[in-house]
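Me: Could you take me through the pockets of this model in some detail, and then through its aromatic contacts? I would enjoy a connected account rather than a list.

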Amino acid sequence: MIQKLIVANWKMNPQSLKEAKKLFNSVKNWLKRYSNVLKNIRIIICPPFVYLPNFSPLTSNSQHLTSNIYLGAQDLFWEEKGAFTGEISPRMLKNLGVEYVIVGHSERRKILEETDEMINKKLKAAIKAKLKPILCIGEKRREVGSRKYEEIRNQLKKALKGIPNSFFRLPDSLIIAYEPVWAIGTGNPCKPENTKEVLLFLRKIVKFPILYGGSVNSKIAKDYIEVGFDGLLVGGASLDSKEFIEIIKGVARC
Ligand code: PGA
């Protein structure tokens, strides 16, 4: 059975561990209750680093995660260890039971000035540590025509530079999130019918699962799956457990 992926990117939220636990547990408990009918869905929760140990399947005080909920990080550093104040190494994440990691999110590209070269190094470091990267790409401005495709192709090419060909034969080892930057956090998603062409374009280049991200809500979530995406990357709407569960339900019905 082909699984649909739903990534919850909590970004820099919520502000307390208590709230984080409440959010995580409400999604986890709901998933547990319906796990037998949700076998076609994989949920990847990406909380801020500081909350990860609380949700790790490896720590003694956390209950075992249900079969379809996985832990992801929002970023990582490319070096293995050493004098890199404030950074988190790939192995630290791996040792916590983290399986996925978001790489190249547009907020980091823009606010923290992450370059394609840095993203390429992070991607390679994640692969080396056997973490599954969720690589974010997408055009900055709302535009039609060849400029958009050029921009996306360039991001992809630079991010994947130097990654061995053999890796591309393992279809589940990397996930691509197509996120038009102008649609992220704006409440103004790219209409599903307008994402179709980009999806086809990406399918010609890579065999990896492709997600849509950018102001996803429960009303339109399933439309992206119907267009052909393998899942969704959800930001704001993943912070409201009821809304997030509605998104999961919508995808599960497809
Ligand atoms: P959003 O964020 O759903 O709030 O637009 C998406 C993302 O994390 O990129």
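Reply: Happy to: the pockets come before the aromatic rings in what follows. Please keep in mind that this is a predicted model.

Let's begin with the largest pocket, which has a volume of about 510 Å³. It is lined by 21 residues, and those closest to its centre are Lys11, Met12, Pro48, Gln74 and Arg108. If you would like an element to follow on screen, try helix 4, residues 106-111, which gives the most to this lining, with three residues. By class, the lining of the largest pocket divides into ten nonpolar, six polar and five charged residues.

Now for the second largest pocket, with a volume of about 280 Å³. Here 15 residues form the lining, and Arg109, Lys110, Lys140, Glu151 and Gln155 are the closest to the centre. Helix 4 turns up again: along with helix 5 (116-128) and helix 6 (146-159), it supplies at least two residues of the lining of this second pocket. The largest share comes from helix 6, with four residues. The classes in this lining are two nonpolar, five polar and eight charged residues.

On to the aromatic rings. A search of the whole structure finds 14 aromatic pairs. One of them joins Trp30 and Tyr34, whose ring centres are 5.3 Å apart; their planes meet at 50 degrees, so the pair is tilted, as that angle is neither under 30 degrees nor over 60. How buried or exposed are the two partners? Trp30 counts as buried because its relative accessibility is 11%, and the cut-off for buried is under 20%. Tyr34, at 33% relative accessibility, counts as partly exposed.

Phe77 and Phe84 form another tilted pair, with 5.1 Å from centre to centre and 45 degrees between the planes. Phe77 has a relative accessibility of 9% and therefore counts as buried, whereas Phe84, at 33%, counts as partly exposed. So in each of these two pairs, a buried ring residue meets a partly exposed one: Trp30 with Tyr34, and Phe77 with Phe84.

Elsewhere, ring pairs link four residues, Tyr178, Tyr212, Tyr224 and Phe229, into a cluster. A last contact to look at involves a charge and a ring: the charged end of Arg42 sits over the ring of Tyr70, 4.1 Å from the ring centre.

Key
Residues are numbered from 1 along each chain as its sequence is written. This is a predicted model: local features need pLDDT of at least 70, side-chain atom pairs count only at pLDDT 80 or more; totals for chains, interfaces and linings use all residues. Side-chain values use heavy atoms; hydrogens and water are left out. On a 1 Å grid over the protein atoms alone, a cavity is a set of points where a 1.4 Å probe fits but cannot get out, and a pocket is an open set with protein on both sides within 12 Å along at least five of seven lines; lining residues have an atom within 4 Å of a point. Grid points are joined across faces, edges and corners, and a volume is the space filled by probe spheres set on the points. Ala, Val, Leu, Ile, Met, Phe, Trp, Tyr, Cys and Pro count as nonpolar, Asp, Glu, Lys and Arg as charged, and the others, Gly among them, as polar. Rings of Phe, Tyr and Trp (its six-membered ring) pair if their centres lie within 6.5 Å; planes under 30 degrees apart count as stacked, over 60 as edge-to-face and the rest as tilted. Buried means under 20% relative accessible area, exposed over 50%, partly exposed in between (1.4 Å probe, protein chains only). A charge sits over a ring if NZ of Lys or CZ of Arg is within 6 Å of the ring centre and within 35 degrees of the ring normal.
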